[in-house]
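Biologist: Before we use terms for this fold, I would like to hear the reasons behind them. Please show me the model.

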Amino acid sequence: MSKKMIGYIISALVIGTLIFIMVQNTLDKPEPIDTASTTLSQTDVAQLEEEGLEQYAQAPDFTLTTLAGESVTLSDLKGKKVILNFWATWCPPCKAEMPHMESFYSKLTDEDQVELIAVNVTQSEKLGISEVENFVDSYKLSFPIPLDETAEVTQLYGVFSMPTTYMIDTQGRIAQKVIGPLDEKTLNELVDFMD
């Protein structure tokens, strides 16, 4: 391949990328940011910390259907501590945290009064629900996986980066927001910190 041909290919890729960015901006549809594999400036990090809902705000209610076909309504869980996680199968940090989530969930008892709800942002999945099913099977996940097929709940919670986890206290308020993957130790600490 000649240098001239390589130049044409590179030019086409650059132009294609610019067109793609312009179309995305025109649609005004924010795409999730994978903070674990993206280099961010301090300004970007500060902006990410501001995304989403504020601490102590009332968590917006929603109802979604799980992968198992059951209905999950957040307000039905009032009185329990809720770990509300937003994730996608294509997200490397989400993949890293899922074994920790499963290990944490498998040790919960009724006495703990803790619920783990892992909302899949299904709208962002290229292969749709089948991709989520394969992911859940391969990671042997047993906690509820509500499907946000329209990303309405994801937008309601102001989620742009995945994973994002909201810790919701027994009064239905946001106790903490974590952008990025969690491990089992951190999950335990965050739950213990909540009322």
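Biologist: At what angle do helix α3 and helix α6 pack, and how far apart are their axes?

Modeller: This is a predicted model. In it, α3 (residues 92–106) and α6 (residues 184–193) pack at about 50°, and their axes are 8 Å apart.

Biologist: Why is α3 called oblique to α6?

Modeller: Angles under 35 degrees count as roughly parallel, and 65 to 115 as roughly perpendicular. The angle here is about 50°, so α3 is oblique to α6. As for handedness, the crossing of α3 and α6 is right-handed.

Biologist: Which residues of α3 and α6 meet?

Modeller: From α3 they are His 100, Met 101, Ser 103 and Phe 104; from α6 they are Glu 184, Leu 187, Asn 188 and Val 191. This contact of α3 with α6 has four nonpolar residues, three polar and one charged.

Biologist: Now the sheet. What makes β4 and β6 edge strands?

Modeller: The sheet is open, with four strands in the order β4-β3-β5-β6 and mixed pairing. Both β4 (114–120) and β6 (174–179) pair on one side only, and they are the edge strands. On average, neighbouring strands are turned by 15° against each other, with direction ignored.

Biologist: How do you know that β5 and β6 pair?

Modeller: Two strands pair if there are at least two bridges between them. Strand β5 (residues 164–168) and β6 have five bridges, in the antiparallel sense, so the definition of pairing is met.

Biologist: Which residue stands opposite Lys 177 in β6?

Modeller: That is Tyr 166.

Notes: Residues numbered from 1 in each chain as written. Predicted model: local features only at pLDDT ≥ 70, side-chain atom pairs only at ≥ 80, totals over all residues. Heavy atoms only, no water. Axes fitted to C-alpha atoms, helices over the stretch in contact; angles between N-to-C directions. Helix = DSSP H or I, 4+ residues; strand = E, 2+ residues; numbered from the N terminus. Parallel < 35°, antiparallel > 145°, perpendicular 65-115°, else oblique. Left-handed = near helix turned anticlockwise from the far one by under 90°. Contact = heavy atoms within 4.5 Å. Nonpolar A, V, L, I, M, F, W, Y, C, P; charged D, E, K, R; others polar.
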